[in-house]
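Let's work through some exercises together, one step at a time. Keep the structure open beside you as you read.

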Amino acid sequence: MAFKAEAVFKGLRGALSEAVCEQVGVVFQFDVTNAEGSTRTWVVDAKNGPGAVTEGGSNAATCTIAIGDDDLEKLVSGKLSGMAAFTSGKMKIKGNVMQSQKLQKLLQSQKAPASKL
């Protein structure tokens, strides 16, 4: 079954820029699990140059976020806050937990290009 996360990461790929990378400065790894229990991994480099989104893991990631596919969609849409996701156990963070606070800036960057039109 398809992952809803594919659309999320496609949107982030289009929203990344040098300006976003200057604000965020983190390489995130997302381990996303769907309802069937399959897991896929994406890396969002919001630190280097214009940024990049790739599928698969990376040793360069300093903050890894494990989250369900549906919960990621809710997080991006604003229906679920990062704090609520973390405290309820819907989102687990490995690595530099403090860097996870920059996740909101990353997600907001996805909405920014539309507001510039």
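**Exercise 1. Is Lys 94 buried or exposed?**

Step 1. Lys 94 has a relative accessible area of 55%. Buried means under 20% relative accessible area, exposed over 50%, and partly exposed in between (1.4 Å probe, protein chains only). Lys 94 is therefore exposed.

Step 2. Now place Lys 94: it belongs to strand S5. Helices (H or I, at least four residues) and strands (E, at least two) are DSSP runs, numbered from the N terminus.

Step 3. Lys 94 and Gly 25 are 69 residues apart in sequence, and 17 Å lie between their C-alpha atoms.

A word on the model before we continue: it is predicted, so local features need pLDDT of at least 70 and side-chain atom pairs count only at pLDDT 80 or more, while totals for chains, interfaces and linings use all residues. Residues are numbered from 1 along each chain as its sequence is written, and side-chain values use heavy atoms, with hydrogens and water left out.

**Exercise 2. Explain why Cys 21 and Cys 63 are too far apart for a bond.**

Step 1. Recall the rule: a disulfide is a pair of cysteine sulfur atoms within 2.5 Å.

Step 2. The closest cysteine sulfur to that of Cys 21 is in Cys 63, and it is 15 Å away, too far for a bond. Seen from Cys 63, the closest cysteine sulfur is in Cys 21, again at 15 Å.

Step 3. The predicted model holds 0 disulfides. As for their surroundings, Cys 21 is buried at 4% relative accessible area, and Cys 63 is buried at 0%.

**Exercise 3. Find the salt bridges that involve Lys 4, then look at the one between Arg 40 and Glu 55.**

Step 1. A salt bridge is a side-chain nitrogen of Lys or Arg within 4 Å of a carboxyl oxygen of Asp or Glu. The structure holds 4 of them.

Step 2. One joins Lys 4 to Asp 70, at 2.5 Å from N to O. Lys 4 lies in the segment before helix H1 (5-15) and Asp 70 in helix H3 (residues 69-77), so this pair ties together parts that are 66 residues apart in sequence.

Step 3. Another joins Lys 4 to Glu 73, at 3.6 Å from N to O. Glu 73 is in helix H3 and Lys 4 in the segment before H1, so here the parts tied together are 69 residues apart in sequence.

Step 4. Put these together: Lys 4, Asp 70 and Glu 73 are linked in a network of salt bridges. Lys 4 is partly exposed at 40% relative accessibility, as are Asp 70 at 36% and Glu 73 at 38%.

Step 5. In the salt bridge of Arg 40 with Glu 55, the closest N and O atoms are 2.7 Å apart. Arg 40 sits in strand S2 (residues 39-46) and Glu 55 in strand S3 (residues 52-55), so the pair ties together parts that are 15 residues apart in sequence. Arg 40 is partly exposed at 21%, and Glu 55 is partly exposed at 48%.

**Exercise 4. Describe how the rings of Phe 9 and Trp 42 pair.**

Step 1. A pair of aromatic rings is described by the distance of the centres and the angle of the planes. Rings of Phe, Tyr and Trp (its six-membered ring) pair if their centres lie within 6.5 Å; planes under 30 degrees apart count as stacked, over 60 as edge-to-face and the rest as tilted.

Step 2. By this rule there are 4 aromatic pairs. In one of them, the ring centres of Phe 9 and Trp 42 are 4.7 Å apart and the planes are at 20°, so the pair is stacked.

Step 3. Phe 9 lies in helix H1 and Trp 42 in strand S2, so the pair ties together parts that are 33 residues apart in sequence. Phe 9 is buried, with 1% relative accessible area, and Trp 42 is buried at 4%.

Step 4. Widen the view: Phe 3, Phe 9, Phe 28, Phe 30 and Trp 42 form one aromatic cluster.
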